[in-house]
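I opened the notebook to record what I looked up in this structure. My entries go from the interface to the salt bridges.

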Protein chains: 2
Amino acid sequence: MKIKAAVINKEGEYPVLQDHEIDVKADEVIVDVIASALNHRDLWIVKGQYGRIQYPIILGSDGCVSHNGGQYLINPGLNWGDRQAYQGGDFDILGMPSEGCFAEKVQVSEAYLHEKPSHMSVEEAAALPLGGLTAYRALFSRAQLQKGEKVFISGIGGGVALFAMQFAVANGNEVYVSSSSEEKIAEAISLGASGGYNYKDDDMHKQVLKSVGPMDVIIDSAGGPGFSKLVNITAKGARISIYGGTRGEASFSPQRLFWNQASILGTTMGSDQDFSDMLEFVNKHQIKPVIDKVYPIDEIKEAILRMKEGAQFGKIVIKNKL
Amino acid sequence: MKIKAAVINKEGEYPVLQDHEIDVKADEVIVDVIASALNHRDLWIVKGQYGRIQYPIILGSDGCVSHNGGQYLINPGLNWGDRQAYQGGDFDILGMPSEGCFAEKVQVSEAYLHEKPSHMSVEEAAALPLGGLTAYRALFSRAQLQKGEKVFISGIGGGVALFAMQFAVANGNEVYVSSSSEEKIAEAISLGASGGYNYKDDDMHKQVLKSVGPMDVIIDSAGGPGFSKLVNITAKGARISIYGGTRGEASFSPQRLFWNQASILGTTMGSDQDFSDMLEFVNKHQIKPVIDKVYPIDEIKEAILRMKEGAQFGKIVIKNKL
């Protein structure tokens with residue numbers, strides 16, 4: 001079947017809108033994409049910094065779609081398997097190797113379609129899946145966030161970080177953030193954060209400990225040498241969920257970690273159960289994803305450049321012209 | 001009350017046998033020390049590398065004692081508190097600030113006395129408490145070791161590492177070790193380990209992955225740059241318990257950790273529950289601590305020098321002349 005899609009034909013290129021032939025699979029449905037959203041994963045693949053890249057590629061792990069008159073969002077975690085603790089060997093993410101949502105249509109198994117939350121616009125719904133899933137698992141399934149605990153979220157502004165902040169605020173927790181941008185900290189506070197710190201300050205950990213005390217749950221996607229500051233603000237029994245490594249090799253003081261009986265928990269994406277639980281939580285608390293900017297699909301290169309620049313606060317959404 | 005004890009009178013000195021006055025507390029009992037054992041903690045304190053050192057000091061966190069005609073060992077984790085997840089603010093370790101077991105007598109609350117396992121000699125019983133407690137919590141309470149899982153224990157030869165190895169072997173798990181000494185690896189294999197690797201080999205992680213595959217539970221007390229090799233041999237869902245940091249700041253690849261949904265779990269000592277569970281496990285499996293060498297208490301300096309040298313395989317025991 002021929003569809004219009006934003007295709008990356010070879011390494012180093014940005015996606016271009018063109019006709020693309022897809023193999024129709026009998027056990028999947030072909031649905032119309034209304035809107036999709038960018039994730040850092042898309043940027044890594046565009047930069048060629050991802051494992052097992054196969055061209056041509058249609059990116060886009062997030063999608064709000066229409067199918068048989070209904071509107072749905074897609075769980076992008078394909079074939080997670082039956083263990084809650086980790087993904088099985090067949091796990092894949094929608095949008096490379098399978099064709100993703102930066103297209104007129106996308107082919108998925110019906111099992112991955114979930115009803116669009118009615119309190120969200122189609123753009124908001126498109127912004128939710130991958131980031132919301134990752135944040136939910138990091139915060140609840142992995143870190144087991146409890147009522148009354150203090151939460152710290154590093155690098156606020158990215159999609160997952162904002163979802164983690166919104167979820168923890170909705171859960172009734174006191175939430176602190178870090179950023180190198182005063183504007184992003186101010187925006188986070190307007191969304192419910194109790195305070196923010198500049199992670200470029202060498203003594204950030206001392207500022208945190210002095211002003212609000214140690215943290216019970218920390219969510220990070222940077223790693224790098226700055227990771228040690230996060231270990232240094234752990235409370236006894238604290239859990240740090242880490243779902244990214246933009247700053248490279250992470251380091252920490254073993255003494256601080258073991259004396260605090262603290263844990264560093266690697267986490268990526270989430271199980272089918274995590275996805276259902278996340279949707280239920282988002283519906284219960286009427287949470288709306290923060291949208292940075294909406295681009296029409298023929299400006300997808302500009303959308304990717306915006307993410308590359310790192311100035312966004314919230315999700316970058318791609319809207320189809322239907 | 002005046003007792004004979006191995007006292008450190010000031011910084012930089014080794015313990016010397018001398019008379020020492022102890023304040024008798026109404027809610028504690030004074031028991032006769034039969035044998036005690038060294039822990040790395042004692043060495044750190046002798047070297048002045050420990051927090052809040054107060055002189056004079058009587059070291060010795062491990063003790064096999066006699067009291068009212070019975071023989072007991074002492075749980076050295078004082079005032080842990082009521083949470084299993086972490087120690088409370090009043091937590092202390094027997095032997096600094098409170099007077100420890102390198103003495104003729106020691107004063108403790110009766111609640112910390114546990115019946116000596118009948119399958120052990122007094123020297124073996126003295127070797128068990130702190131190391132056995134730390135290993136048990138690292139392996140079972142923190143890493144939640146399951147049947148059928150593969151275990152890797154770094155730096156075999158130290159007390160805790162050997163206990164962790166013996167416990168995992170007794171539990172029916174396949175256990176691998178690392179050391180820079182071929183002799184220590186051979187001794188570990190004779191005690192039930194399935195194989196060993198030299199951690200000085202830059203490609204140790206590749207050797208492990210190639211020969212026996214990834215590990216489910218890893219026990220480490222080194223940290224340092226070599227810690228990344230341990231993260232690189234994690235299986236999906238693996239847990240690394242870390243209870244020491246002899247090599248300093250630990251580093252790891254966030255990508256490896258999060259893609260494997262692996263966890264790094266700081267752990268130190270253990271709760272009262274951990275201690276009881278450890279004793280029950282040791283009795284059930286008739287485990288005997290590995291003893292490196294027994295020194296009479298008037299040769300305590302030689303005992304400490306042996307630990308400083310790092311050549312020991314098993315616990316260094318101090319025997320009183322009764």
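My notes on the two chains and their salt bridges follow.

**Entry 1: the interface.** I noted beforehand that the model is predicted. I looked up the contacts and found 36 residues of chain B touching 36 residues of chain A. I then looked up the area: about 2,800 Å² is buried between chain B and chain A, and carbon and sulfur atoms account for 57% of it. On the chain B side, the residues that lose the most area to chain A are Phe252(B), Phe258(B) and Gln261(B). Together they make up 23% of what that side buries.

**Entry 2: charges and polar pairs across the interface.** How many salt bridges are there between chain B and chain A? I found zero. For polar contacts between chain B and chain A, I counted 21 residue pairs, with both residues at pLDDT 80 or more.

**Entry 3: what chain B brings.** I listed the elements of chain B that each supply at least two residues to the side touching chain A; among them are helix 3 (129–142), strand 15 (234–242) and helix 8 (254–259). Helix 8 of chain B gives the most, with five residues. By class, I found 16 nonpolar, 16 polar and four charged residues on this side of chain B.

**Entry 4: strand 17.** I checked how strand 17 (residues 263–266) of chain A meets strand 17 of chain B: three bridges join the two, and they run antiparallel. Ile264(A) stands opposite Ile264(B) there.

**Entry 5: salt bridges in the whole structure.** My search over all chains gave 18 salt bridges. I looked at three of the pairs.

In chain A, I found Asp62(A) in a salt bridge with Lys315(A), at 3.7 Å from N to O. Asp62(A) is in strand 5 (residues 62–67) and Lys315(A) in strand 19 (residues 315–319), 253 residues apart. Are Asp62(A) and Lys315(A) buried or exposed? I found both buried.

In chain B, Glu13(B) pairs with Lys10(B), and their closest N and O atoms are 3.8 Å apart. Glu13(B) is partly exposed at 27% relative accessible area, while Lys10(B) is exposed at 52%.

Also in chain B, I found Lys321(B) and Asp298(B) in a salt bridge at 2.7 Å, N to O. Lys321(B) lies in the segment after strand 19 (315–319) and Asp298(B) in the loop between strand 18 (291–296) and helix 10 (300–309), so the pair ties together parts 23 residues apart in sequence. I noted Lys321(B) as exposed, at 62% relative accessibility, and Asp298(B) as partly exposed, at 43%.

Key. Residues numbered from 1 in each chain as written. Chains lettered and ligands numbered in written order. Predicted model: local features only at pLDDT ≥ 70, side-chain atom pairs only at ≥ 80, totals over all residues. Heavy atoms only, no water. Contact = heavy atoms within 4.5 Å. Buried area = accessible area lost by both parts, 1.4 Å probe. Salt bridge = Lys/Arg side-chain N within 4 Å of Asp/Glu carboxyl O. Polar contact = N/O pair within 3.5 Å; in protein donor to acceptor, adjacent residues only side chain to side chain. Helix = DSSP H or I, 4+ residues; strand = E, 2+ residues; numbered from the N terminus. Nonpolar A, V, L, I, M, F, W, Y, C, P; charged D, E, K, R; others polar. Pairing = 2+ DSSP bridges. Buried < 20%, exposed > 50% of the residue type's maximum accessible area, 1.4 Å probe, protein only.
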